[in-house]
Amino acid sequence: MLLEREQELTVLDKAVAEAQSGSGALVLIDGGAGAGTTALLHRLADLAASAGLLVLRSGGAFGERGVPFGVVRQFVLPLLVDPGVPTPGPAGPLLAAADGPHPRDLTAADLADTLHWLHILLAGISADRTVLLAVDDLGWVDEPSLHVLAHLAARLEGLRVLVAVVRKDGPSARDPLVRDIAAAATHRVRARALSRRATGRLVADRLGPRCPEEFASACHHVTGGRPKDLKVLCDRARLRRLGGPAWHTTRLRELGESLRRERLLLLLRREPVVEAFAKAVAVLGDRATDDLAARLAGLSQEQCDHAREILSGTWPGTADDDPEPSVASVRAVAGIVLRAMGDEESSHRHRQASVLLDECGADPEDVAAPLLHVDRLGDPWEIHQLRTAAAGARRRGAPDAAVRYLSRALVDVPATSRVRAELLFELGVTELESGSASAGRHLVQAARLMPHIRRRAEVVSSTPMHVVGNDPQLADLVRETAAVLGTPRETDRHGRQLAMRLEARARYAGLHDPRFVTSAARRLNELGERHTGPPSSERELRTVLLFAAAVGGEAAHQDIARMARQVLDREPAHAALPGPALELLPPVLYTVDEPQAAASWLDAARLHAAREGAPGLMAGVEAQRGLLLLARGEIALARECGTRAFALADGAPPQERLLPVLTLGRVALELADAELAGQVTDSVESAADLRLFALQRALRGLRAEAHGNLPVALAQYLDCGRVLERAGWLNPAIADWQVRAAFVQHRLGRTAEAAALADECHERARVWGAPTILGRTLRLRGTLTEGPGGVALLRQAVDLLETRGNRYELAQALAALGGRLRRTSDAEGDRLWQRGRRLAAELRNTPGGIRSRMSTRPARAVVAGLTPAEMKVAERAARGLSNREIAAELGTSKRAVERHLTSSYRKFGISGRDELARTLGQA
């Protein structure tokens, strides 16, 4: 059944009629593979036979193009066995040659003789009967037979001979002899794909009349309407029972894709030019420009264009965003071609592609990409290209791609090679950027393979501290390497820097070890004061030592504060983001009550992190900003920063979530917010870090208190204390478990135990000397002590916190003192209690309200670190109000106003009211 071929059949009828009238004719049937060209040729042969023509059939075949005169023999040999066909005597030599063996060597004389005798043969036969020569697929006709057909096509005039040839789309259509034959055609027809309607009719004829439209449309889509493919698809669908009554359209599409792949692979086997082009494009991938594909395939641009056209017809593109359908076709074909290639051929072609891309000056990653598909790397050039590509990927912020390049390079590098050690190091550093858990293992392997201690020290000392702290094996390697390296000479600057980096990492990993904590202050004294900027290695070591000394709490807080400021002054904010400065210095400043020292430094770090577009870095900066706001008592703003940091770190690696968790957990403790404490506790996956452990125990205790379960709360606080004590973390400013435990013991009626714990905590706070924790312990002792002694302690706390320290702690001390004095109906008690409640409410206000007030504060005041209370006093003093007037307007004491002004003068670096007015006016 031929559908939609009415016009083509009319042309064929006309050609037969002309041939019978004595006018030789040539019919050219064009079309793509599977479009029905052979069916049209068969229909022409049937028409000719019905009209009484002598039909002689032949055709080219894949693999037989090398047989000389193979096609000529096919239509000459039947004449030898057909006694009803008279043959002229002069054609005897041609008939004898056709029945003989194939000639091995074909000479020009042989060709000329064949052309002559064939013309005589056809002229003699056609004198009595019209002859049809039907030749299928000129693309596979041997070259001598093509010469014969071209010779005959030019000499049909006066012969009752009809020549019908099929020319299928493909590179062979460009053959000069094929084009000569086509140019002599007197009639042309082209087999085209069927329409959707005709497809539906054919499918219904094959699978049943009740075929739904969706099923027929799927058939048309996967075959492109090519009749041959439609018939094959329907036959396979019937065998698999995909037709009625269920009509499995989805499985039909899968079957169609399989058929298309088969057809494509068959095309590639039969068309070397198309195969070469498709493989070149498949290997080059997205880098397949016209020029590169042509060079890799060894084809001309014209051949590539034609091959692309054929692939477009074979596998139509479906991507909507492709500029041309042929682009989608070639991309779709690439995966199939790659899977069809063997490992050896694939490796060879990918190597060729890599070399070609390098010669053309392609990007290092483009050069290395094909090498990922090579079965075995052996050339040092290939390893070099992969390492170069990895470096490029890291520069553009794609560590995962860099890991792929380096991992591939490692596969074929011998275990004893020095190159392997360097590759492992590069891989480990890159995995750190991508957050891979195998980074530490690879860094350890790299260091073990390094032949020289200096290079091993360089590898180990370049490892981020948090990785060393979380990997016991790596920490052991750090200590081992430091021991082997020893103490370099004073003149060995590089060696001393390596030693300091190793010491910094060893001490960071040993922050839970009391030996490292208690020796930190002594080591800081050994390093001494520096009036010039220390190198980055020494800044790293000083940062870790400062944190260790702060948690130990046995040094003077003023010394720690001074050294922390010195490190910050020389630590570039952008360089410190991935280092220990951001993690460790803000907590140090928190414990010494100097949050303003890091205000501008954190602002610069925040701007840099925003430019980098790194959520993890932004989370760390926001968390530390929140911590320093908490140190000033601005608890609502601190909560806002902590919440924002917590959101930025959502889904990030554990190390990037550490700082947000610590800050938001601290906010929950200050606010006694059990709900927030639960959210923070639930987000802690592992409490291996001592800071996280202490926070987790404190938050659990807070939640137990909120539920009225005081014994459980006390157990949590004491458990926290026992672990911190064993680690040497004695500073109550880091984890005030003693304050909380003492308050719970007091509520449980354990007065003596509470007092003893409060006295111990106060003594530690006194040694440390920072105002906030000292004021807190004074408030604790004052609360536990009845009578005038308790009032005196509470007054000491208020006086201490009026000018320095945490404003929120001042609010609590005021409320505690006012509450005690109110017991005796003292008017001062009511005033202090109201003031404390008002200040606490102000500091705990919604972030929006605080933000609106903060926006009116001069920038210079913010940078200087003035508290809101100090700012209120300073603004009124700058307007000319006296201390008494300011005290009356703000509802505070004249002495408190004097302290706020003194503190403001110190922070601004000025000496009086006149300079204060100019400073605020210029801000």
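Which residues of H8 are buried? In this predicted model, the buried residues of the helix are Ala-198, Thr-199, Gly-200, Leu-202, Val-203 and Leu-207. Part of their cover comes from two other helices, H9 (213-223) and H10 (227-239). The length of H8 can be checked with a little arithmetic: at 1.5 Å a residue, the 12 residues from 196 to 207 should span 16 Å, and because the C-alpha atoms at the two ends are 16 Å apart, the expectation and the model agree. Just after H8 comes Gly-208, whose phi is positive, near 125 degrees.

Strand S5, made of residues 187-191, has two contrasting faces. His-187, Val-189 and Ala-191 form the covered face, whereas Arg-188 and Arg-190 form the uncovered one. S5 runs parallel to strand S1 (residues 25-31), and 5 bridges join the two. Within this pairing, Val-27 has His-187 of S5 as its bridge partner.

S5 turns up again in the second largest pocket, where it supplies at least two residues of the lining, as do H10, H2 (37-50), H11 (249-270) and H14 (301-314). This pocket has a volume of about 1100 Å³ and is lined by 49 residues. Nearest its centre lie Gly-32, Ala-33, Gly-34, Ala-35 and Arg-263. Sorted by class, the lining holds 19 nonpolar, 13 polar and 17 charged residues.

Attention now turns to the enclosed spaces. Rolling a probe the size of a water molecule over the atoms shows where empty space is left. The structure holds 3 cavities of 30 Å³ or more. The largest cavity has a volume of about 400 Å³, and of the 25 residues that line it, Leu-662, Arg-666, Arg-691, Ile-734 and Ala-735 lie nearest the centre. The elements giving two or more residues to this lining are helices H31 (580-591), H33 (615-632), H35 (654-671), H37 (690-706), H38 (710-727) and H39 (737-747). H35 contributes the largest share, 5 residues. By class, the lining of the largest cavity has 17 nonpolar, 3 polar and 5 charged residues.

The second largest cavity encloses about 110 Å³ of space. Among the residues lining this cavity are Tyr-590, Asp-593, Arg-666, Glu-670, Thr-772 and Asn-806. Two or more lining residues come from each of H31, H35 and H41 (771-784), with H41 giving the most, 3 residues. The class make-up here is 5 nonpolar, 3 polar and 4 charged residues. Arg-666 appears in both accounts: Arg-666 lies among the residues nearest the centre of the largest cavity and also lines the second largest.

Terms used:
Residues numbered from 1 in each chain as written. Predicted model: local features only at pLDDT ≥ 70, side-chain atom pairs only at ≥ 80, totals over all residues. Heavy atoms only, no water. Helix = DSSP H or I, 4+ residues; strand = E, 2+ residues; numbered from the N terminus. Expected span 1.5 Å × (residues − 1). Buried < 20%, exposed > 50% of the residue type's maximum accessible area, 1.4 Å probe, protein only. Contact = heavy atoms within 4.5 Å. Pairing = 2+ DSSP bridges. 1 Å grid on protein atoms, 1.4 Å probe; cavity = no way out; pocket = protein on both sides within 12 Å on 5 of 7 lines; lining within 4 Å. Points joined across faces, edges and corners; volume = space filled by probe spheres on them. Nonpolar A, V, L, I, M, F, W, Y, C, P; charged D, E, K, R; others polar.
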